[in-house]
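Open the model in your viewer and show side chains as sticks. The tour below goes from ring to ring.

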Amino acid sequence: MKLCIDIGNTHVFGGVFDQTDLRFRFRYPTSQATTSDQFGLFLKGVLRENQCDPNAIDAIGISSVVPSLDYSIIAACIKYLGITPTQLKPGIKTGLRIEVKNPVELGADRIANAVAALAQFPNKHLLILDFGTATTLCAINKKGAYLGGSIMPGMKISMQALNDNAAKLSPVDILKPTKALGQTTISNIQSGLYYGQLGALRELITRISQEAFPDEKPVVLATGGYAHLFAEENLYDVHLQDLVLHGMRLILERN
């Protein structure tokens, strides 16, 4: 079985695959410093709680956008599972052509998303929306070339920015408002967060589609923690919750 781990700015998101079947997934907060022992004990515990023998893991793949956590998590895998992980970094085979000015800058999670999306939707132009700590948009053409994209603040950090910089604005629950016209401070913030994100993404999808795919409409995919909030907005065609994990599984197989 394969263990795939995505180290993000909010959570370590992981899952265990039996062949191509995702048996279970887990999350671990990245908001505090983590030692190899802390993560290793957590990892063995979550495997056992899901009736997975730690000795059954024969390969581990890691994508990361948090370099400060890489050492602890890689060391945990070696110390507690006896496996040196395959980390998604330059030199790893992905099958993806990266046609941007500085490929080294491209986030590992975005590469993994693109690899999985191309496998599920071959011969299609693709736009991938990832609703994470940052909200990202990636454009991949039907020939397997990563063309570029855009990055903007995600909903949670947008809310935190308001709280940190406006004395009278407190944190709110992030949800889909019943209407855009808020009548309390809380509903004003919720409206601005939700419809601001929605409007920005619609504009970006339109402009990037015109620039990258003028002759054929792309398939728009969504992933990430807040994607479900926009399910009824006709913003995307398909919601794929575990896209990054499937991408890491494929990359493991190719290496």
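Select F42 to begin: its relative accessible area is 24%, so the residue is partly exposed (buried is under 20% relative accessible area, exposed over 50%, partly exposed in between, with a 1.4 Å probe and protein chains only). This is a predicted model, in which local features need pLDDT of at least 70 and side-chain atom pairs count only at pLDDT 80 or more, while totals for chains, interfaces and linings use all residues. Residues are numbered from 1 along each chain as its sequence is written, and side-chain values use heavy atoms, with hydrogens and water left out.

Now show every aromatic pair; a search of the whole structure finds 7. Rings of Phe, Tyr and Trp (its six-membered ring) pair if their centres lie within 6.5 Å; planes under 30 degrees apart count as stacked, over 60 as edge-to-face and the rest as tilted.

Add Y28 and F39, an edge-to-face pair with 5.3 Å centre to centre and 90° between the planes. Y28 belongs to strand β3 (residues 21-29) and F39 to helix α1 (residues 36-49), so this pair ties together parts 11 residues apart in sequence. Helices (H or I, at least four residues) and strands (E, at least two) are DSSP runs, numbered from the N terminus. Y28 and F39 are both buried.

Keep F39 and return to F42: the two form a tilted pair, 5.8 Å centre to centre, with 40° between the planes. Include F26 as well, since ring pairs link F26, Y28, F39 and F42 into a cluster.
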